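Work through the two exercises below with the model open beside you, and try each task before reading its solution.

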Amino acid sequence: EMVCIKSSRDLYDYFHPILCDSSVERCYVMLLNRMNRVIDHVLIGTGGLTATVVDIRLVMREALMKSATTIALCHNHPSGNIRPSKEDDLLTRHVAQASECMDIRLVDHIILTDGAFYSYSDEGRI
């Protein structure tokens with residue numbers, strides 16, 4: 001049974017077990033079909049304690065290879081601070097722009113800590 005993602009809370013619940021114990025920043029792209037069911041999730045960036053480098057082309061490549069019509073981003077903040085950085089804002093904007101060109105929908109980008117999360121979608125920023 002494929003997991004269905006209907007909200008930022010669903011994204012958080014999916015990624016929390018994967019990311020809650022990580023001592024470094026890791027960024028994943030979630031690939032979804034038209035019914036918002038999870039096709040796969042792929043690690044697209046690993047960083048240090050405060051930043052992650054993500055190649056936008058890698059994100060798009062994964063989406064195209066798996067025929068995803070919808071994607072979501074998720075990364076953790078090991079510091080426990082859920083506030084997005086300028087880099088997080090830039091990444092979100094760039095992925096949204098690239099996705100739009102490819103007719104792929106970016107539904108959300110969540111920043112996760114152990115027990116809390118920030119959702120660009122919930123904040124009206126996607």
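The exercises treat the overall fold and then one helix.

This is a predicted model, in which local features need pLDDT of at least 70 and side-chain atom pairs count only at pLDDT 80 or more, while totals for chains, interfaces and linings use all residues. Residues are numbered from 1 along each chain as its sequence is written, and side-chain values use heavy atoms, with hydrogens and water left out.

**Exercise 1.** Determine the order of the elements and judge the compactness of the protein.

Solution. Taking helices (H or I, at least four residues) and strands (E, at least two) as DSSP runs numbered from the N terminus, one counts 3 helices and 5 strands. From the N terminus on, these run α-β-β-α-β-α-β-β. The radius of gyration (over C-alpha atoms) is 13 Å, close to the 14 Å from the globule rule (2.2 Å times the number of residues to the power 0.38), so the protein is as compact as a globular protein of 126 residues.

**Exercise 2.** Establish which residues of H3 are buried and how they are arranged about its axis.

Solution. Begin with the length: the 16 residues of H3 (86-101) should span 22 Å, at 1.5 Å times one less than the number of residues, and the end C-alpha atoms, 23 Å apart, agree with this. Next, with buried meaning under 20% relative accessible area, exposed over 50% and partly exposed in between (1.4 Å probe, protein chains only), the buried residues are Asp88, Leu91, Thr92, Val95, Ala98 and Ser99. Seen down the axis of H3, they fall within an arc of 140° (directions from the axis to the C-beta atoms), so they line one face. On the other side, Lys86, Glu100 and Cys101 are exposed.
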